[in-house]
Amino acid sequence: MNRARVWNWLVKQRILPILDVLLLVMVTVGTRDFWTIRNLQNLTVAVGIEGVIAVGMTVVMVGGGIDLSVGSVMALAGVLSVSMQRFGIVGAIAIAVLAASLCGAGSGLLVTRLGINPFIATLGMMLVARGAVMTYTDAQPVANANLLFTQIARGKLGLLPIPGLVFLAALLLGHWFLRYTRLGRDIYALGGNEEAARASGIRTDRVKLAAYTLTGLSAGVAGVLLASRLSTGSPVIGEDTALNVITAVLLGGTSLTGGVGSMPGTLTGLLTVGVLSNSLNLFNVPAYYQRIAKGMLLILVVFFDSLYVRYRRQALLRTRGKASEERLTSTS
Amino acid sequence: MPLGWTMGINVRMKNLMALLRRHTIWLVLLAMVVFMSLVSKSFLTATNLLNVLRQVSMAGIVSVGMTVVLIGGNFDLSVGATVTLAAVVSVYLQPTTAMNTAVSLIVPLLLGLLVGAVNGAIIGGLKANSVVVTVGTQFAVLGATLLYTGGQHVWVWTPTPFYEAISGGYFLGVPIPIFIFLLTVLAAHWLMTRTTFGRYVRAIGSNDEAARLSGIPTTLYRMLTFIFSGFCAALAGIVLASRVKNLDPTAGVGYEFSALTAAILGGTRLSGGVGNVLNTLAGVLILGGISNSMILLNMSFNTQLLARGLIFVGAVAIDAFSQRHRR
């Protein structure tokens with residue numbers, strides 16, 4: 001019984017505690033380069049840029065949706081933030097973030113107005129955004145000539161790189177949004193049981209639309225940061241962004257079925273994925289192995305998510321008896 | 001007497017309308033062919049049409065497997081990676097002798113079955129979300145392919161005539177890949193309409209719980225749909241390998257989207273349970289016709305990418321509309 005409880009706790013945490021301890025021991029013992037300020041700063045930038053998207057992704061996944069289009073939307077925003085420099089830095093960034101939010105809203109409309117499965121709707125948005133940015137740039141990277149723009153993501157505040165700062169701000173904002181605002185609570189309700197949320201007076205369509213728009217916005221911010229970091233708007237980046245971000249969010253305890261998840265959880269998931277790929281780099285593991293590792297990690301996480309969902313269902317059955325079974329099967 | 005006669009007409013008209021509604025996609029195809037032959041003189045020539053057919057046969061074979069998985073209520077986004085893996089392995093095994101040719105046909109097919117079985121085991125056994133799982137296997141398989149080739153091109157200069165004929169040969173003046181494609185379509189159509197397998201898969205796709213309660217081994221049949229899809233992808237990979245012979249190890253990427261689009265255009269329901277392999281054939285032909293006409297109209301590759309994305313969203317939207325309408 002006790003062992004079962006420990007196992008269930010581990011499943012709920014996606015065995016993150018074990019994975020993290022293993023990783024930390026490995027990087028501390030195996031290489032001298034991990035605990036250097038330079039490496040930690042690089043790690044912060046890498047985690048920060050994808051982390052901004054993960055904040056948006058957590059919101060949409062808590063609401064029971066998903067967004068596979070973040071990679072191409074990020075590329076679109078990055079290209080726009082460079083090519084629109086004639087409107088000034090602020091103008092260019094505003095245009096880029098606005099376009100990305102519109103992409104998110106587009107996905108949201110496909111999901112709410114037409115009732116399309118979120119996986120497929122955002123897959124479609126992914127193809128359209130990629131096609132749009134490839135057509136717009138003719139598949140060529142757009143070079144940035146404005147040094148000030150480059151400083152945004154290359155600059156540091158003390159020791160902390162600005163992308164890390166932006167990420168922390170987004171994380172705190174997201175945490176506050178999900179926990180303490182009405183819309184945030186509505187998102188939890190929506191992900192937990194859409195029918196019940198609608199019946200209790202939540203305008204589910206609007207809430208969903210807001211969640212997808214937020215995710216698009218976060219992809220836009222990440223795109224601007226990345227373009228500034230690279231000093232280039234590249235139309236081909238972001239092929240595996242969705243995979244990385246979704247893995248991190250799932251690792252952080254958000255469920256694919258919606259209704260559970262939190263920003264602190266996402267932070268731990270992000271750090272785990274970040275440290276994992278950072279250490280693979282430090283150990284000179286070829287990129288192809290890393291790809292395999294990332295794919296397997298995603299499958300492993302989905303595996304634990306399924307176990308967790310099953311466990312939660314059994315726990316609910318135990319506490320509430322048979323009557324809740326019908327409700328569960330009708331919603332899942 | 002006149003009354004009965006009119007009613008007979010009515011019934012016949014109704015049947016005809018129902019038939020048309022079920023096969024609207026063929027009318028769309030017809031309209032497209034008429035339109036294209038008016039716009040471009042080179043469209044309606046035997047050479048161009050056979051070319052289009054040969055071009056679509058690989059994506060078409062993949063679409064057949066995708067349709068079966070979709071009818072079972074799942075998605076398989078790993079097919080593009082499986083196509084790549086099969087093609088690369090097939091060429092890498094150097095089909096220069098009879099023995100090697102046999103090996104480079106059998107091993108990729110086995111690998112396709114293996115990828116399908118892994119997908120099926122995870123998704124069937126755990127009821128895990130198929131999109132996320134197959135995105136994971138897609139990455140794992142692509143990574144494995146790149147690792148296998150070291151990221152380099154693989155090629156074979158002098159394959160055996162048999163291997164060459166898989167894509168380059170003609171039978172009765174028609175390229176062989178078209179026959180392979182049509183055979184796959186007919187086999188899958190037979191499987192889905194005339195066998196227990198087909199009925200079970202439809203039952204699982206329309207209501208998993210009901211299917212399980214009525215005694216269908218859902219896990220097994222779910223797994224079988226993925227194995228079938230993996231097999232189709234590997235078959236397409238072999239045709240691709242035989243056609244290109246000098247492969248970049250990402251050659252099959254993107255096939256999953258064409259396959260999905262074709263299946264959805266053919267009226268396969270994304271929610272599972274409904275779909276027809278013959279209509280997927282029409283979907284494949286429409287997609288092929290569209291990309292052929294985009295080439296004939298001199299559109300750039302990137303614009304074609306955008307157009308394909310829009311067609312995908314359009315097809316999904318139409319699917320969603322018709323479903324809402326039925327409800």
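Trainee: Let's start with helix H8 (residues 176-194) and helix H13 (residues 277-296) of chain B: at what angle do their axes cross?
Mentor: This is a predicted model, so take the geometry as computed from it. The axes of H8(B) and H13(B) come within 8 Å of one another. Their crossing angle is roughly 145°.

Trainee: Which residues of H13(B) make that contact?
Mentor: On the H8(B) side you have Val185(B), Ala188(B), His189(B) and Met192(B). The partners on H13(B) are Val277(B), Leu278(B) and Leu281(B).

Trainee: And how many residues of the contact of H8(B) with H13(B) are nonpolar?
Mentor: Take out the others: one residue is polar, and no charged residue takes part. That leaves the nonpolar group, and its count is six.

Trainee: Stepping back to all of chain B, what is its radius of gyration?
Mentor: Chain B has 14 helices and four strands, and its C-alpha trace spans about 75 × 55 × 35 Å along the principal axes. A compact globule of 327 residues would come out near 20 Å. Chain B agrees with that, at 21 Å.

Trainee: How does the predictor score chain B, and what share of the residues reach a pLDDT of at least 70?
Mentor: The average pLDDT of chain B is 86. For the complex, the predictor gives a pTM of 0.86 and an ipTM of 0.82. The share of chain B residues scoring at least 70 is 94%.

Trainee: Over to chain A: why call it as compact as a globular protein of its length?
Mentor: Chain A has 15 helices and four strands, and its C-alpha trace spans about 65 × 55 × 35 Å along the principal axes. For 332 residues the globule rule gives 20 Å, and chain A is close to that, so it counts as compact as a globular protein of that length. Its radius of gyration is 20 Å.

Trainee: What percentage of the residues in chain A is buried?
Mentor: Contacts in chain A reach far along the sequence: of those with a separation of 6 or more, 78% are between residues 24 or more positions apart. In chain B, buried residues make up 50% of the 327. In chain A, with 332 residues, the buried part is 51%.

Trainee: In the largest nonpolar core, which residues touch the most other members?
Mentor: That core holds 195 residues, and helix H11 (residues 218-244) of chain B gives the most to it, with 16 residues. Members come from both chains, as the residues with the most contacts to other members show: Leu76(A), Ala77(A) and Val62(B).

Trainee: Where do the contacts of Ala77(A) lie, leaving aside neighbours within four places in sequence?
Mentor: One group is Ala96(A), Val97(A), Ala99(A) and Ala100(A). The other group is Ala219(A), Gly220(A), Gly223(A) and Val224(A).

Trainee: Now the contact between the chains: which element gives the largest share of the side of chain A that touches chain B?
Mentor: The contact takes 33 residues from chain A and 36 from chain B. On the chain A side, the elements giving two or more residues are helix H6 (118-137), helix H12 (241-251) and helix H14 (287-320). By type, that side divides into 21 nonpolar, eight polar and four charged residues. The largest share, twelve residues, comes from H14(A).

Trainee: Is Asn302(B) buried or exposed?
Mentor: Asn302(B) sits in helix H14 (residues 301-326) of chain B. Beyond its sequence neighbours, Asn302(B) touches Gly131(A), Met134(A), Thr135(A), Asp138(A) and Ala139(A). Since 20 other C-beta atoms lie within 10 Å, Asn302(B) is buried.

Conventions
Residues numbered from 1 in each chain as written. Chains lettered and ligands numbered in written order. Predicted model: local features only at pLDDT ≥ 70, side-chain atom pairs only at ≥ 80, totals over all residues. Contact = placed C-beta atoms within 7 Å. Nonpolar A, V, L, I, M, F, W, Y, C, P; charged D, E, K, R; others polar. Rg over C-alpha atoms; globule rule 2.2 N^0.38 Å. Buried ≥ 20, exposed ≤ 12 C-beta atoms within 10 Å, placed from the backbone. Core = buried A, V, L, I, M, F, W, Y, C linked by C-beta atoms within 7 Å. pLDDT = per-residue confidence, 0-100. Axes fitted to C-alpha atoms, helices over the stretch in contact; angles between N-to-C directions.
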